[in-house]
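Hi there,

Here is the structure I promised to pass on. Have a look at it first, and then read on for my notes.

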Amino acid sequence: MWRGQSVAVILPTYNEKDSIRASAMDFLATGADEVIVVNNNAAPGTSEEIAGTGAREIFESKQGYGNALMCGIDNCSADLVVLAEPDGTFSAGDLLKFLAYSDDVPVVFGTRTAREFIWVGANMGRFLRWGNWAVAKMTEVLFGTSILTDMGCTYRLFRRAALDRIRPYLTIGGSHFGPQLLMEVIAHRIPFVEIPVNYRSRVGVSSVTGDLWKAWWLGCRMISLVLSYRFFGFRAQRTVWDRTDKAPVAPALPAPQPEVLPGMKALGLALSNAQTEKPRETEELVQNRG
Ligand SMILES: Nc1nc2c(ncn2[C@@H]2O[C@H](COP(=O)(O)OP(=O)(O)OP(=O)(O)O)[C@@H](O)[C@H]2O)c(=O)[nH]1
Ligand SMILES: [Mg+2]
């Protein structure tokens, strides 16, 4: 739970047999109420790895990252929905950062292009890093959005209202479902922020951006998607997000507790006495002068 709101993490899985178990358990241990694993004709043995973790496994036979995620979204009723990958590249610890920002905006995107967050061995060489950055910047300029630095990060958080708003427009079953999610958020003018996330090396074999040509092709499709949203008038067909609609309102934080540590209490008393006491030195000085 995050401030009274239920949290679900959706993990699509295709070729992550060796990392799915740790990933599901990490997210559950970090504050997710529910982890939904969408088995997308995954490698044999994946279900056995998921069993006993506490995650819920569901099945989507239509192949593709987008189909898997749409199935997960349609089978999830949480207030805060987090999308991630269970291939060991993302860290469950970053979930807390997403949750913290969800108090302020309905959508939080991750970015993998902050240099300090890219781990040794991560698949984020110059081509992928600057390619993702360039397409993100192009999008930022074309649509006048807040800062965007990564087009392809699949670690994201959506408040329920934002997800319900864009879900009818999500149609892409393959890998560029991720950029379509981003474009629909922009087309609906839903406020968002992008935050850096840790990006580590993958466990197992990559089936998309590990191959340079596949990554290049994905990049070209991303660019054509962005241009089609900009120039084919999709934006005009979308209902603009009402910025006064800030629901759900998070409950107020508990009042700060003054008696945390006895030492701190003593220090607090000494400070408040010092403020109320007359400054003795000053009195003495006045008397001496008088
Ligand atoms: N390739 C592929 N991925 C799928 C499919 N269905 C779901 N996925 C998920 O899509 C995500 C992306 O696939 P990856 O192979 O990790 O590709 P990538 O993230 O671009 O590349 P890495 O840098 O190696 O992680 C993974 O979480 C997969 O489980 C599918 O049919 N094909
Ligand atoms: Mg991956």
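Below is what I found, going from the overall fold to single residues.

Please keep in mind that this is a predicted model.

**Overall picture**

The chain contains ten helices and seven strands. It has 290 residues, and 38% of them count as buried. Among contacts with a separation of 6 or more, 77% join residues that are 24 or more positions apart.

**The sheet**

The seven strands form an open sheet with mixed pairing, in the order β3-β2-β1-β4-β6-β5-β7. At the edges stand β3 (56-59) and β7, each with a single partner strand, so one side of each has no neighbour in the sheet. On average, and ignoring direction, neighbouring strands are turned by 20 degrees against each other.

As a reminder, strands of a sheet pair through backbone hydrogen bonds, in either a parallel or an antiparallel way. Both kinds turn up around β4. With strand β1 (residues 7-13), β4 pairs in the parallel sense over four bridges, and Val9 has Val82 of β4 as its bridge partner. With strand β6 (residues 156-159), β4 pairs in the antiparallel sense, again over four bridges; here Val81 stands opposite Phe158 of β6. Further along, β5 and β6 are paired in the antiparallel sense over three bridges, with Val108 opposite Leu157 of β6.

Two helices are worth viewing against this sheet. Helix α1 (residues 20-29) lies across β1 and β2 (34-39) and runs at about 155 degrees to β2. Helix α4 lies across β1, β4, β5, β6 and β7, and its angle to β4 is about 140 degrees.

**β4 and the core**

Which way do the side chains of β4 point? Leu80 and Val82 point one way and Val81 and Leu83 the other, and all of these are buried. In soluble globular proteins, nonpolar side chains tend to be buried together. The largest nonpolar core of this chain holds 66 residues, and Ile10 and Val82 touch the most other members. Helix α7 (residues 177-187) gives the most to this core, namely seven residues. Setting aside residues up to four places away in sequence, Val82 touches Val7, Ala8, Val9, Leu95, Phe98 and Leu157.

**Helix α7**

How many of the residues of α7 are buried? The count is eleven of eleven, so to speak a helix that is mostly covered. Among the buried residues are Gln180 and Glu184, along with Phe177, Leu181 and Ile186. The buried residues of α7 pack against α3, β5 (107-111), α5 (126-143), α6 (160-166), β7 (192-196) and α8 (212-231). After the helix comes Arg189, whose phi is positive, near 55 degrees.

On the α3 side, look at Met70, which is found in that helix. Met70 counts as buried because 21 other C-beta atoms lie within 10 Å, the cut-off being 20 or more. Met70 and Phe177 are 107 residues apart in sequence, yet their C-alpha atoms are 9.3 Å apart in space.

**Asp94**

A charged residue that you may want to display is Asp94, which is found in the loop between β4 (80-83) and α4 (95-102). Is Asp94 buried or exposed? Asp94 has 20 C-beta neighbours inside 10 Å and therefore counts as buried. Leaving aside neighbours within four places in sequence, Asp94 is in contact with Tyr155, Val197 and Asn198. Asn198 is 104 residues away along the chain, while the C-alpha atoms of Asp94 and Asn198 are separated by 7.3 Å.

**Ligand 1**

Which residues are closest to ligand 1? They are Tyr14, Ser206, Ser207, Val208 and Thr209, out of 20 residues that surround the ligand. β1 and α3 (65-74) are the elements that give two or more residues to this shell. By type, the shell around ligand 1 divides into five nonpolar, eleven polar and four charged residues.

If you open just one view, I would centre it on Val82: this residue is the bridge partner of Val9, and with Ile10 it touches the most other members of the largest nonpolar core.

Best wishes

Notes. Residues numbered from 1 in each chain as written. Chains lettered and ligands numbered in written order. Predicted model: local features only at pLDDT ≥ 70, side-chain atom pairs only at ≥ 80, totals over all residues. Buried ≥ 20, exposed ≤ 12 C-beta atoms within 10 Å, placed from the backbone. Contact = placed C-beta atoms within 7 Å. Pairing = 2+ DSSP bridges. Core = buried A, V, L, I, M, F, W, Y, C linked by C-beta atoms within 7 Å. Near = placed C-beta within 6 Å. Axes fitted to C-alpha atoms, helices over the stretch in contact; angles between N-to-C directions.
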